[in-house]
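Notebook open, structure loaded. I want to look up a few odd backbone spots and then get the overall picture.

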Amino acid sequence: MDTVGYLKELCLTSEQNWRLIDSVYSSDQEKCLKAIMFMKNNVIGSNKQKENVIERGIVPRLLQLILDETVKEPLCYECIAIICSLSKGTPEHLRVIINVGTVPVLITKITDPHSSSKLVEISLRALRSIYTSSFAPIDLIYDSKAFEVPFVTFLLELASSTHIWAIQECIANILANSCQTTEHQTALCGYGAIQMVANLMLSPAYKVKIPALELLAAICHQNEDASEVAVTTVANGKDIPQILTELMNQENTPTMQFNAAKCMTYMHRAGAIVGNINSEDHEIVYKTLPTLVRMCEKDKEPCIRAASAHILAYLTEVDTELQRTAAICNHIIPTLADFFKYQSPCQVTVNKSTIQSNAASLQDDASSMSDSETNLKEEEIKLTIGQEMKEAALKAFASLAANEEDTRKKIIETDMLMEHIINGLSDPNVKIRLAALRCLHSLSRSVQQLRTTFQDHHVWIPLKSLLNNATDDVLIVVSSTLCNLLLEFSPSKEHFLDRNAVERLCSLTQREEKALRLNGVWALMNMAFQADQNIKNQILSCLGTNQIFKLLSDSDSTIVMKTLGLIRNLLSTKYHIDQIMSTHGKQLMQAVNMALDDENVVEIKEQALCILANIASGNTSKEFIMSNEEVLKKLLNFMINSNVKLQIAAVFCISNLLWKEEDGAAKRQAKLKEMGVKSALKQLLHTQDTALFDKAKTALDQFSNFP
C-alpha cells in the first residue's frame, strides 16, 4: 500500500478521530457539520472506511438529520453527500443502506417543495447510485400508496420542467434502471415518459442524451405498444426515429451512435418499424444495421464493440434478409472473429455487480483512490469485457448463420472458430456456454457441416456431457442441436444411439417447459428414423405408451405432429412393424384413432393416416386395422373427404390393405368391397388431382379378382 493509502487507512481508526466522528450525534449543528465533513472526506474512494461508518451504525443518524426540518441546508447536504458516497461501495454496503430505509428518506427530500435544487440534485445522485443495485426497491418508484402521488410522475414532471442538466441526467438514469417489467414499461408509457425522452434526446448536454436513450430502450424492449407510441412521438417537429437516425451520424460519439441504434433495433423487433429492403422505412437496413457493424470495428472501445455485437445479433436473429445483408457488410465476419483475440490482463473471478458498483465509484472517486486499487478495478473490468466480447461474437455468428448456407460456410472457414465454439461449450461462464451452443445450433443446420466439420471436431462429446448436466435454458439449445445431429445423414447420430441418450430424451418429453418436450420428442423421432430394432424397442420401452398418449393430447400441435412422426418412424420396415404391433398394437391403434378425431387439424389427421398406411403394409399387423370397424369407417369417410391430402393418405392405406399378392388378401378385399370401398375408389377416378387418381387406380387394380 502506498503512503497516501496507508494514511487514509489510519484516519478512521484512531480513537481521537472516532471521538470527532461521534460529534454527528451532537445537537450543536456546527460540531455535527465538522464531523460530517471529516467523515465524507475519508469515505470517498475507500470501501474500508465506508464499512467502518456503516458498522458504527451512523447511517440511521444521517437519515434522521436529513429529515429534521430544523437542520440547516449545508449540514443536510453533507449528510446526503455521505449517503451518495456510501452507495458507491460494495453490494453489501448498498444492501445495508437500502434496508435502513434510505430510499423513502431521499424521495421525501426530493419531493419536498422547500428543498433547494442543490439538495434535490445531490439526493437524486444518491438515488441513482442506489438504483444500480439489484437490491433497490424498484416498485417504490411506481407505488401510488406510499406517497401522495407516484414518485415516477414527480420525476417525469421535474425532468420536463427543470433546466438543470444534472437533474435530468439522474432522473433518466433512475427510470432506466427501474424499468424492468412490462408493467413498468406500461406505467412509464402511460405517464408520458416517451415524450419526455424525446425532449431530452434533443438536449445540448451529452450526459443527458445517453441516459435518455437508455431509458427509451428500456421502455421499448419487446414491447409493441410502447414502441408504437415511440415511433409516432414528436419533439421539435421530428419524430423519434428521425431523431435517432441523426444521433447515429458519425460525427456523434460511438456511445451515442450505439445507443441510438439499440433503440431503433428494439422498436424494429417489436414490430413498430418494418425495416426490410422493400419497405419505405430504410432506417434499419441502411442506417441501424451499418451503424452496429461499424461499432464492432477495432478502433472502437471493447465495451462498445461487445455491446454492438449483442444488439446486432438481436437485430438479425429472425430476419433472413438482414442476416444476408449483415454478412456482407463491411467485413463483419473477420471483425467478429477478432473479438476472440481480446486478452484480459489477469485471471480472476469477478462478480459482475461488484464491477458495476466499483466502476461507478471509480468515476466519481478516482482522485482519492490508490494506484493499486485503480489498477485492480481496471483489470477486473477488462476481464469481464473479454468475456462479454466472446459471448457477443458467438451470439452474432449464431444469428448470421441461422438461415444462410453461404454465410455458414464463411463463418465455419474463419480461423480457429470451431475451436472457440468447442472451448465455449465447457466455459465456466454459463452465458458463453449458451452462446457457443446457439452458434453450434445454427451451424448444425448445414448438411455439409454435419458431415464434415462436426465429425472432425467430435462435437458429440461436449453435447453428451451437457445433455446429462445442464440448466433448462442450456438444455433447450442442446436438445435443439441434437435434433439436427440425429438426422439420418449426420455421422454424429451413431454416437447417440445408446440407452443413456434414449432415456435422457424420453425424460425431456415429460418436462413442463414446452420447448424441452418438443425437442425431446423431435430428437426421438429423428433417432427412430431407419434405426435398428433394438433402438426402436428401447425408445418404446423407455417412453411408454402412456407418455405417448399424453404427448398426443398436448396443447401444442407441433408436439402432437412430432409424436405422430415418431410413431411413424417406429412403424417402418415390415418386420419391425409386425414385431412392435405384436407387443404394443392395441395401444398404438388407440393413439392413432385419437389423432383421427374431427377436432384435430388436417395435418395431424394426415400424419395419422400415414401411420395406418405403414401398419397396413405389415404382414400380420394388417389385422389390427381390419378388425377395427371404427377405423375402417373413418378410412372410408376420409376417402370421400373434401381435402385431397386426406383422400390420398386414406387411399394409400386402403391400397396396402388390398394388396393381392399378400396372404389373406381375398378375405380383406371382400370385406372392404362390402363396406363400399370399391365404389368409392371408382368415384375417385373422376378427380382432377393426378396424385389422387394414380393412388385410386392402383388400389382398384388390386380388385382384379372381384369384377
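I started with how open N236 is to its surroundings: N236 is exposed, at a relative accessible area of 70%. That clears the cut-off easily enough to read, because exposed here means over 50%. I should jot down that this is a predicted model.

Next I checked the backbone at N236. Its phi is positive, about 55°, although N236 is not a glycine. Where does N236 sit? I found N236 in the loop between β1 (234–235) and β2 (238–239).

Then I went to Q530. Here too phi is positive in a residue other than glycine, with a value near 55°. I traced Q530 to the loop between α33 (514–528) and α34 (533–543). Is Q530 buried or exposed? Q530 comes out at 63% relative accessibility and counts as exposed, because the cut-off for exposed is over 50%.

After that I zoomed out to the whole protein. I noted 44 helices and two strands. So for my own bookkeeping, N236 is in the loop that links β1 and β2, while Q530 is in a loop between two helices, α33 and α34.

How much of the protein is buried? Of its 707 residues, 54% are buried, and buried means under 20% relative accessible area.

I also looked at contacts with a separation of 6 or more: 69% of them in the protein are between residues 24 or more positions apart.

Last entry, the surface. The protein exposes about 31300 Å², and carbon and sulfur atoms supply 49% of that area.

Conventions: Residues are numbered from 1 along each chain as its sequence is written. This is a predicted model: local features need pLDDT of at least 70, side-chain atom pairs count only at pLDDT 80 or more; totals for chains, interfaces and linings use all residues. Side-chain values use heavy atoms; hydrogens and water are left out. Helices (H or I, at least four residues) and strands (E, at least two) are DSSP runs, numbered from the N terminus. Buried means under 20% relative accessible area, exposed over 50%, partly exposed in between (1.4 Å probe, protein chains only). Contact means heavy atoms within 4.5 Å. Accessible areas come from the Shrake-Rupley method with a 1.4 Å probe; for residues, only the protein chains shown count as cover.
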